[in-house]
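Colleague: I've got the model open and I'd like to go through the labels one by one. Can you tell me what each rests on?

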Amino acid sequence: MCANGLYVLAVLSGLAASGVLPVAGMRIYTPGDVEAVNGTDVRLKCTFDSQIPINPRSLTVSWTFKPLTKGREESVFYYHEKPYPPPDGLFRKRVSWAGDVMGRDASIIIKEVKFTYNGTYTCQVKNPPDAHGALGEIRLLVVTTASFSELLLLAFAIGGGITVLVILLLVIVSLRKYRRRHREQGGIEEAPRKERKDPTACHPSRAVHLYTAESLIEIDSSDGMISDASTKDPSSSDEGEDDDDDDDGNDSD
């Protein structure tokens with residue numbers, strides 16, 4: 001009986017490895033409905049989750065398109081190790097890869113959408129042996145202008161930013177007025193400023209009086225020759241005059 005169980009398990013493992021029997025369903029996540037303005041770029045987001053490790057060499061991504069009006073399904077994009085944009089058809093040079101398979105992202109960007117792009121876009125991801133599961137679908141609606149909800153969100157965003165700026169300005173002005181009023185009432189006492197003294201100045205009692213030496217030129221009246229200049233200190237001249245006065249007093253005696 002144990003041998004039979006092992007045999008069944010081996011058969012199931014072989015079927016799973018060959019892809020005949022799915023071991024886990026690939027889960028695809030898409031936003032559902034997407035609205036884009038005519039002439040703008042739109043990102044079709046598609047993420048996936050696989051129960052087995054991602055193998056970038058075997059993983060494939062396929063995007064297809066089915067118009068709103070009755071028409072045939074058309075290939076939009078294909079990825080296998082590298083992007084393969086459509087070489088012809090409605091989406092030629094209009095689709096670019098915006099995904100990352102290792103990050104479980106299979107998104108694409110459609111450039112300059114047109115009204116003919118209205119329809120259902122299908123995202124399919126295979127990571128063998130995890131190659132089965134529901135497909136992700138996105139219904140794209142191309143409009144002339146942005147919808148009222150988008151304009152309303154934009155208006156709220158702009159109005160919110162302006163409101164925040166106004167509140168900040170009011171707070172700053174109020175703080176300045178409060179500080180000014182508090183200062184006028186004497187609530188804030190400023191620390192006395194210290195007078196900066198000149199380091200070269202000193203007290204008058206300690207001042208050193210500088211005297212400028214006077215240079216005198218003496219002329220000998222006898223021969224008319226000019227003798228060397230003599231330096232005369234004002235203080236010494238005063239002492240000399242005092243000595244002369246003493247001598248005159250002695251003579252008078």
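Modeller: Sure. Start with the open sheet of 6 strands, which has mixed pairing and runs in the order β2-β11-β10-β5-β6-β7. Bear in mind that this is a predicted model.

Colleague: What makes β2 and β7 the edges?

Modeller: Each of them has a single partner strand, so one side of β2 and one side of β7 (83-84) is left without a neighbour in the sheet.

Colleague: How do you know that β5 pairs with β10?

Modeller: Pairing takes at least two bridges. Strands β5 (residues 60-67) and β10 (residues 119-126) are joined by 8 bridges, so they pass that cut-off. They run antiparallel, and one of the bridge partners to look up is T122 in β10, which sits across from T64.

Colleague: And what is on the other side, between β5 and β6?

Modeller: Another antiparallel pairing, with 5 bridges to β6 (residues 74-79). W63 has F77 in β6 as its bridge partner. The two strands form a hairpin, with 6 residues between them.

Colleague: Why is the pairing called mixed?

Modeller: Put two pairings side by side: β5 and β10 run antiparallel, while β2 and β11 pair in the parallel sense over 5 bridges. For the parallel one, check V37, whose bridge partner in β11 is V143.

Colleague: On to the core. Which residues touch the most other members of the largest nonpolar core?

Modeller: W63, V76, I110, Y121 and V125, out of 30 residues in that core. At least two residues each come from β2 (33-37), β3 (42-44), β5, β6, β9 (108-110), β10 and β11. As background, nonpolar side chains tend to be buried together in soluble globular proteins.

Colleague: What does V76 touch?

Modeller: Leaving out residues up to four places away in sequence, V76 touches W63, T64, F65, P86, F91, V95, I108 and Y121.

Colleague: F65 and Y121 both show up there. Why is their aromatic pair called tilted?

Modeller: The structure holds 7 aromatic pairs, and this one has its rings 4.8 Å centre to centre with 40° between the planes. The centres must lie within 6.5 Å, and planes under 30 degrees apart would be stacked, over 60 edge-to-face. An angle of 40° fits neither, so the pair is tilted.

Colleague: What does the F65 and Y121 pair tie together?

Modeller: F65 lies in strand β5 and Y121 in strand β10, so the pair ties together parts that are 56 residues apart in sequence. Both residues are buried, and together with F91 and Y117 they form one aromatic cluster.

Colleague: Last one, N127. Where does it lie, and how do you know whether it's buried or exposed?

Modeller: N127 is in the loop between β10 and β11 (136-143). Buried means under 20% relative accessible area, and N127 has 0% relative accessibility, so it counts as buried.

Colleague: What polar contact does the N127 side chain make with S50?

Modeller: One of 3.3 Å, side chain to side chain. The cut-off for N or O atoms is within 3.5 Å, so 3.3 Å qualifies. A polar atom of the N127 side chain also lies 3.3 Å from the backbone nitrogen of N55.

Colleague: Which residues does N127 touch, not counting those up to four places away in sequence?

Modeller: M26, S50, I52, P53, I54, N55, S58 and L59.

Notes: Residues are numbered from 1 along each chain as its sequence is written. This is a predicted model: local features need pLDDT of at least 70, side-chain atom pairs count only at pLDDT 80 or more; totals for chains, interfaces and linings use all residues. Side-chain values use heavy atoms; hydrogens and water are left out. Helices (H or I, at least four residues) and strands (E, at least two) are DSSP runs, numbered from the N terminus. Buried means under 20% relative accessible area, exposed over 50%, partly exposed in between (1.4 Å probe, protein chains only). A polar contact is a pair of N or O atoms within 3.5 Å; within protein, one must be able to donate a hydrogen and the other to accept it, and residues adjacent in sequence count only if both atoms are side-chain atoms. Contact means heavy atoms within 4.5 Å. A nonpolar core is a set of buried Ala, Val, Leu, Ile, Met, Phe, Trp, Tyr and Cys residues joined through side-chain atoms within 4.5 Å. Rings of Phe, Tyr and Trp (its six-membered ring) pair if their centres lie within 6.5 Å; planes under 30 degrees apart count as stacked, over 60 as edge-to-face and the rest as tilted.
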